[in-house]
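Me: I'd like to go through this one term by term, checking each label against its cut-off. Ready?

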Amino acid sequence: MTSLETTVEDIRSMRVHGAGRIARHAVQGLLDWEAALRDASAFDRGFRDAVRALGDTRPTAVSLHNALAYVERHVERAADVSAKRTALRKAASEFIERSKQAVAEIGRQGAAILPRDGTFMTICNSHAALGVFVEMKRQGGDPRVYALETRPFRQGWKSARHLADAGVDVTLIVDGAAMSFIRDVDAVVTGCDTLAANGDVVNKVGTSALALIAREAGKPFYTAGETYKVDLGSPTGGARRIEERDAREICDPGELPGVKFRNPVFDVTPHAWVTRILTEEGALPPQEVGAVARKLWA
Ligand code: RI2
């Protein structure tokens, strides 16, 4: 396997997952592909193929597509192959750095507006969301977090481990228990795979049910997301294609003959159910994320 094929497989198989992480991993894949390129005349075609292969791995997380488009734009502007290679290295390294800084800044933004000794609920495994709790702890707070297990992949286990390792008080609950504990929490904080231009949140399946539960209980609902997760081409969340993955992620279909399965892995939370989007540019009303992203990334 070439290093590019390995990167593609890492993302497709979800060995590497999380919208920000797959964006950085894909861009790192381009850097590794360029570093290994021996025949300069193969750059143009090879670059296009690499971008396509990486982009085809996960359809819903726009961070991945925006990251690749960012590098592509810089490469296309360069005059010859040598300048294109330099542009690729510069744009890719810049993206990775900006992305890491954005995640750190979101942690600070969240810790600044949410109670540092509060109780929270989260779903799946979002570095941007978990960064808020870890930052609260770093600043001397004592946050408590309910982590939803998050079927089918149980990424909540990873979140629980990450928080426990950081010394954060964390309790793992099954997805169906969200309602049972919502009254204990001060706020729900989730990540996102994509933000539509109107601030609708596309995130791990179950997020919209959690938002509805929070709304019913009168609890604020925050989504942490870097501005490169905004899809300016999707006016609403409904315009985004929802990835549907293999039924074997749910169970072994052979054990349940005659049973049909569906495995959509994301859903859409309407922006009206979202209190604020925590971005590296501040805690924004959802309807403002489109304009901010346009200024920074278009
Ligand atoms: P960060 C994940 O998707 C989760 O849905 C998570 O909320 C989102 O990406 C954002 O994660 P998946 O790749 O970028 O596990 O905040 O399907 O780490």
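Me: Why is R154 called partly exposed?
Reply: R154 has a relative accessible area of 33%. Buried means under 20%, exposed means over 50%, and partly exposed is what lies in between (1.4 Å probe, protein chains only). R154's 33% falls between those limits, so partly exposed it is. Bear in mind that this is a predicted model: local features need pLDDT of at least 70, side-chain atom pairs count only at pLDDT 80 or more, and totals for chains, interfaces and linings use all residues. Residues are numbered from 1 along each chain as its sequence is written, and side-chain values use heavy atoms, with hydrogens and water left out.

Me: Where does R154 sit, and what is its phi?
Reply: R154 is in the loop between β2 and α7, with phi near 55°, a positive value in a residue other than glycine. The element names come from DSSP runs numbered from the N terminus (helices are H or I with at least four residues, strands are E with at least two). P152 has its place in that β2 to α7 loop too. The peptide bond leading from R151 into P152 is cis, with omega near 5°.

Me: What about C124: buried or exposed?
Reply: Buried, because C124 has 11% relative accessibility. C124 belongs to the loop between β1 and α6, and its phi is positive at about 60° although it is not a glycine.

Me: And T227 and R15, buried or exposed?
Reply: T227 comes out at 3%, so it counts as buried. R15 is exposed, since its relative accessible area is 53%. T227 lies in the loop between β7 and β8, while R15 lies in the one between α1 and α2.

Me: How do you know what T227 and R15 touch?
Reply: Contact means heavy atoms within 4.5 Å. Leaving out residues up to four places away in sequence, T227 touches T279, E280, E281, V292, A293, L296 and W297. With neighbours within four places set aside, R15 contacts T6, E9 and D10.

Me: How do you know that β1 and β4 are paired?
Reply: Two strands pair if DSSP finds at least two bridges between them. β1 (residues 119-122) and β4 (residues 187-190) have 2 bridges and run parallel, so the pair qualifies. One example is M121, whose partner in β4 is V188.

Me: What is the order of the 7 strands in the open sheet?
Reply: The order is β3-β2-β1-β4-β7-β10-β11, with mixed pairing. β3 (169-173) and β11 (282-284) are the edges: each has a single partner strand, so one side of each lacks a neighbour in the sheet. On average, neighbouring strands are turned by 25° against each other, direction ignored.

Me: What makes the β1 to β2 crossover right-handed?
Reply: First, the pairing: β1 and β2 are parallel over 4 bridges, with F120 partnered by V145 in β2. The chain goes from β1 through α6 to β2 in a β-α-β crossover that is right-handed. That name means that, with the strands pointing away from the viewer, the path from the first strand over the helix to the second runs clockwise. Next along, β2 and β3 pair in parallel over 5 bridges, and Y146 has T171 as its partner in β3. The route from β2 through α7 (residues 155-165) to β3 is a right-handed crossover as well.

Me: Why is the 200 Å³ void called a cavity?
Reply: On a 1 Å grid over the protein atoms alone, a cavity is a set of points where a 1.4 Å probe fits but cannot get out, while a pocket is an open set with protein on both sides within 12 Å along at least five of seven lines; lining residues have an atom within 4 Å of a point. The volume is the space filled by probe spheres set on the points, which are joined across faces, edges and corners. The largest cavity comes to about 200 Å³, and its 24 lining residues include G18, A19, N125, S126 and D193, which lie nearest its centre. α2 gives the most to this lining, with 5 residues.

Me: What volume does the largest pocket have, and what lines it?
Reply: The largest pocket has about 180 Å³. Its lining includes T2, W33, G46 and A53, and α1, α2 and α3 (43-55) are the elements that give two or more residues.

Conventions: Axes are lines fitted to C-alpha atoms, for helices over the stretch in contact, and angles run from 0 to 180 degrees between N-to-C directions.
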